[in-house]
Amino acid sequence: MVRDRVKISNKLGIPAQLAAKLVDKAIEYNSDIKIIYNDQEVNAKDMMEVMGLEVNQEAEILVRADGQDESKAVKSIVGMVEEGAGDLM
């Protein structure tokens with residue numbers, strides 16, 4: 001299992017556009033990928049679950065993956081948010 005934290009810089013937290021990008025990225029991997037926020041854990045490959053987290057601006061989420069490509073999955077998702085996907089709006 002691999003996990004890493006990332007801060008959401010988007011002023012809207014995780015709006016639909018960012019949630020869709022996160023889900024699309026997670027779907028690229030075979031690992032079981034979870035996003036954890038405020039003691040809620042959701043499937044990163046499920047749009048409704050990700051949006052249901054209601055992540056606020058400046059919040060920190062934990063991305064956790066378990067499977068054959070777990071390291072790549074976490075690195076890719078965290079990197080996408082850090083490189084500006086969090087500033088879509």
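These legends accompany several close-up views of a predicted model.

**View A. The four-stranded sheet comes first.**
Here you can follow an open sheet of 4 strands, arranged in the order 1-4-2-3 with antiparallel pairing. Strand 1 and strand 3 (40-43) stand at the edges with a single partner strand each, so one side of each is left without a neighbour in the sheet. On average, neighbouring strands are turned by 25 degrees against each other, direction ignored. Helix 3 packs on this sheet, where it touches strand 1, strand 2 and strand 4. The direction of helix 3 makes about 5 degrees with that of strand 1.

**View B. Next, a look at strand 4 and its two partners, strand 1 and strand 2.**
Strand 1 (residues 2-7) pairs with strand 4 in the antiparallel sense over 6 bridges. Strand 2 is also joined to strand 4, by 5 bridges, and these two run antiparallel. A handy residue to look for is Arg64 in strand 4: it is the bridge partner of Arg3, and Lys34 has Arg64 as its bridge partner too. As a reminder, strands of a sheet pair through backbone hydrogen bonds, either parallel or antiparallel.

**View C. Here strand 2 meets strand 3.**
These two strands run antiparallel and are joined by 4 bridges. To find your place in the pairing, start at Ile35, which stands opposite Val42 in strand 3.

**View D. This view turns to the largest nonpolar core, which holds 27 residues.**
Leu22 and Ile33 are the residues that touch the most other members of this core. Two or more residues each are given by helix 1 (16-27), strand 2 (32-37), strand 4 (60-66) and helix 3 (70-82). Helix 3 supplies the largest share, 6 residues.

**View E. Now we zoom in on Ile33 and its contacts.**
Leaving aside residues up to four places away in sequence, Ile33 touches Ala26, Val42, Asn43, Ala44 and Lys45, among others. Its contacts also include Val63, Arg64 and Ala65, as well as Ala73 and Ile77.

**View F. The last stop is Ser31, in the loop between helix 1 and strand 2.**
Although Ser31 lies in a loop, this residue is buried, because its relative accessible area of 1% falls under the 20% cut-off. The side chain of Ser31 reaches the backbone nitrogen of Glu70 at 3.1 Å. Beyond four places in sequence, Ser31 touches Lys45, Ala65, Asp66, Gly67, Gln68, Asp69 and Glu70. Lys45 and Ala65 also appear among the contacts of Ile33 in the previous view.

Notes:
Residues are numbered from 1 along each chain as its sequence is written. This is a predicted model: local features need pLDDT of at least 70, side-chain atom pairs count only at pLDDT 80 or more; totals for chains, interfaces and linings use all residues. Side-chain values use heavy atoms; hydrogens and water are left out. A nonpolar core is a set of buried Ala, Val, Leu, Ile, Met, Phe, Trp, Tyr and Cys residues joined through side-chain atoms within 4.5 Å. Buried means under 20% relative accessible area, exposed over 50%, partly exposed in between (1.4 Å probe, protein chains only). Contact means heavy atoms within 4.5 Å. A polar contact is a pair of N or O atoms within 3.5 Å; within protein, one must be able to donate a hydrogen and the other to accept it, and residues adjacent in sequence count only if both atoms are side-chain atoms. Two strands pair if DSSP finds at least two bridges between them. Axes are lines fitted to C-alpha atoms, for helices over the stretch in contact, and angles run from 0 to 180 degrees between N-to-C directions.
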